[in-house]
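This report describes the architecture and selected side-chain contacts of one protein chain. Please consult the sequence and the structure shown below while reading.

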Amino acid sequence: MDTRNDRDSAIPHPFIDERGPLGFGLVGGLLLFVVLTGCAVWMLPYGVFGQLCVVLHTVVGVVAAAAYAIWQLSHWLAGRTSPRTFRKICAYVGFWLFAASVVTGFVVGWQAAFGRYVSHLCHLLHLWTGILALPFLAYHLWPSATTAEAGPLAQPPAPPFDRSAFRRRTWKSVAFVTLLLFAVCAALAVYYAWAQRAESRRQIVGSSDFRPSMVDTETGRPIAVEVLASSDSCGTSDCHASIYREWKESAHRWSAEDEFFQEVRVVTTRVKGVRETEKCGACHDPVSMLSGHKEPGLGRAAPGYKEGDSCVVCHAVRKVYEGGIGSYVLGSPRPYLYEWADGGYGRLVNHFLIRADPDQHNRDYDLTLLRKPESCAPCHKEFDVLNEQEGPVQVETQFDDWKHGKWNTDPDPARRLYCQQCHMYLVATSHAEADPYDLKAELGTRHRSHAFAAANQYMPAALSVHDAKAHVEHVEEWLRGERAVPEIEKAWPRGPIVELKLTAPQSARVNADLSVRVTLSNNKVGHGFPTGPLNIARAWIEMVVEDASGHTVFHSGLLDSENHIEAGSYILKPLAIDTAGHMLMKPDLWHPVGPQFRRAVLARESDTYDYSFRAPPGTLGPLVVRARLRYSKANQFFMDAVYPEAHRQAPITDLSAAQTTIELGR
């Protein structure tokens, strides 16, 4: 009896009919499609067709693996005892390499569909075992002049048949199946492109003129709002969830929503015209600015109002310049399939593709630039014209303070620090919460905090951000210098960020002049303290001298009933820098009379403040001198301007304090 179910087959089988559904025509077509789509994913440029190749490579690969396993088992049973020729050895080598590629392919597919990232090792094994299998299998399949090898189940030779005709029919079937699958892939690509245009999800409208800010895009054209304001897609489960939660409560997230910013922009527009405030959008409201909706009058109706400095706005930056006023160039990330799907299968496919084929994602969101302090310069360096005679002066100086200060110029490299080490200090999470990018790069479970440690204790509660109380507590902990940062502890001293010390005589006489000196040392701030807009934040010294009976002998820096700092107090003020690099003390817009304004304390430097007073007759010694450095994000004059209908007060944080006693003699 002839064990070949197909008299016209050159492939021996004990239980498969080559003319049936598991014949080589179908199985080979599926396998060839899988091989060619694998090569397409590896070699073709990024695009819709390439992404569909990834999806179909996976889906068809699963089907092909099952069909091929049955076909191969039957083929092996028929020829397992035949002589070991070179062709047969190639078949075995090719099979085991191919089997390794299939197994690692299943692992890669599972990780891409249900894991957090695809193992780089598995990806390489899947790719190269498949590539190495091809020449061995190709040689095995290459037509041979010899007759088919038969195993112990083979019967006496059957009448001869046309082997060439069989091969032609088989390979035509293989080609038909392969081309049919590629036609399906192409049709899906055309349909997807048509559907996306029909939805107009990425329609670009608005102006391409981003002046007077210095921001630009790679194309010189606006970028669609959906691309810029898509941060929620970054924060879904199994992606960058921890980082997204941190960013969502940060000042970067509510930079456009910030009530101080909105009021300053409205007032400036009313007084100086719209052109004066358009430059603000590149840093405070980049989503609306870069999507072409830069009219300040839009206010809370602006696209991306709730996004502020979104994930894309920072992570897609291609170039930065140290010119300030938003001097960066933003790229437009190329979306994966179903980038803006709200959920369901679209979101599943999107995340599968990002994990399975992350190269474009990594190029679009390259972290190389963001790891450098220069990436902070575009927005933490601002120029403005305070009067026409002087020309532009720098009113946001954080970056240049750091660049020219001792934290960057110290001769000992071990004592240098840069922006990200402080404001984005490393935080540890559990393995389940760790960022998949860091896990894949074997960076462990620590990542740079995207809460962006800073000094605004007011706005989180004002905007009712999630867990505002905890956020404010973190800000105050940071301001007091209580936050430990292990990675920089060798260079960063313990204690307050700005230390206050008192110098006073051990004894004095009643009704004689007394002198007390306060020394402020900026030990931990990477730039001048205070910093920020010239006329908003307040840092001042409060001093109270009491005698033994509790009677106040002298005071300075106290607040009156309206929350204003009393006249004669020392108030620290951020410095402006002119175009020649000279530091300037500019008049204060919100505090016209009374205080003694002193310059900000530069990084790792100290300044002194002298007080003189008398202990009047009848004063009981000893005198107790108490001083503290106080900080508020906004002075009361400014608060009253922002909230004219309600007398709101910004929180005050005491950064450091000291106390001493002076004995009194007669």
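## Basis and overall architecture

A residue counts as buried under 20% relative accessible area, as exposed over 50%, and as partly exposed in between. The model is predicted. On this scale Arg-480, with a relative accessible area of 28%, is partly exposed.

The protein chain contains 22 helices and 19 strands. It has 666 residues, of which 47% count as buried. The accessible surface of the chain comes to about 32700 Å², and carbon and sulfur atoms account for 59% of that area. Among contacts between residues at least 6 apart in sequence, 72% join residues at least 24 apart.

## Aromatic pairs and charges over rings

How many aromatic pairs does a search of the whole structure find? The search finds 24. One of them is formed by Phe-24 and Trp-71, a tilted pair with 5.3 Å from centre to centre and 45 degrees between the planes. Phe-24 belongs to helix H1 (residues 24-43) and Trp-71 to helix H2 (residues 48-79), so this pair ties together parts that are 47 residues apart in sequence. Both Phe-24 and Trp-71 are buried. They are members of one aromatic cluster, which is formed by Phe-24, Tyr-68, Trp-71, Phe-98 and Trp-171.

Two basic side chains are placed over aromatic rings. Lys-524 lies over the face of Trp-492, at 4.2 Å from the ring centre. Arg-648 lies over the face of Tyr-643, and here the distance from the ring centre is 4.3 Å.

## Salt bridges

Side chains of opposite charge can pair when their charged atoms come close. A search of the whole structure finds 21 salt bridges. One of them joins the side chains of Arg-318 and Glu-218, at 3.6 Å from N to O. This pair links distant parts of the chain, 100 residues apart: Arg-318 is in strand E2 (residues 317-320), whereas Glu-218 is in the loop between strand E1 (216-217) and helix H6 (225-228). Arg-318 has 25% relative accessibility and therefore counts as partly exposed.

Another salt bridge is formed by Arg-480 and Glu-482, whose closest N and O atoms are 2.9 Å apart. Arg-480 is partly exposed at 28%, and Glu-482 is partly exposed as well, with a relative accessible area of 47%.

## A charged network on two strands

Glu-542 and Arg-628 form a salt bridge in which the closest N and O atoms are 2.7 Å apart. Because Glu-542 lies in strand E11 (residues 538-546) and Arg-628 in strand E18 (residues 623-632), the pair ties together parts that are 86 residues apart in sequence. Is Glu-542 buried or exposed? Its relative accessible area is 8%, so Glu-542 is buried. Arg-628, at 25% relative accessibility, counts as partly exposed. Through salt bridges that share partners, Glu-542, Arg-628, Arg-630 and Asp-654 are joined into one network.

## Surroundings of Leu-558

Leu-558 is placed in the loop between strand E12 (552-556) and strand E13 (570-573). With 28% relative accessibility, Leu-558 counts as partly exposed. Its C-alpha is 6.1 Å from that of Glu-542, although the two residues are 16 apart in sequence. If residues up to four places away in sequence are not counted, Leu-558 touches Glu-542, Val-544, His-564, Ile-565 and Glu-566.

## Strand pairing

Strands E11 and E13 pair in the antiparallel sense over two bridges. Within this pairing, Ala-539 stands opposite Leu-572 in E13. In a regular strand the side chains alternate between the two faces of the sheet. In E13, Tyr-570 and Leu-572 point one way, while Ile-571 and Lys-573 point the other way, and all are buried.

An open sheet of three strands has the order E1-E3-E2, with mixed pairing. E1 and E2 stand at the edges with a single partner strand each, so one side of each is left without a neighbour in the sheet. E2 is joined by three bridges to strand E3 (residues 328-330), and the two run antiparallel. Lys-319 has Val-329 in E3 as its bridge partner. Strand E2 is also the location of Arg-318, the residue that is linked to Glu-218 in the loop after E1.

Definitions and conventions: Residues numbered from 1 in each chain as written. Predicted model: local features only at pLDDT ≥ 70, side-chain atom pairs only at ≥ 80, totals over all residues. Heavy atoms only, no water. Phe/Tyr/Trp six-rings, centres within 6.5 Å; stacked < 30°, edge-to-face > 60°. Helix = DSSP H or I, 4+ residues; strand = E, 2+ residues; numbered from the N terminus. Buried < 20%, exposed > 50% of the residue type's maximum accessible area, 1.4 Å probe, protein only. Lys NZ or Arg CZ within 6 Å of the ring centre and 35° of its normal. Salt bridge = Lys/Arg side-chain N within 4 Å of Asp/Glu carboxyl O. Contact = heavy atoms within 4.5 Å. Areas by Shrake-Rupley, 256 points an atom, 1.4 Å probe, with all protein chains shown as cover. Pairing = 2+ DSSP bridges.
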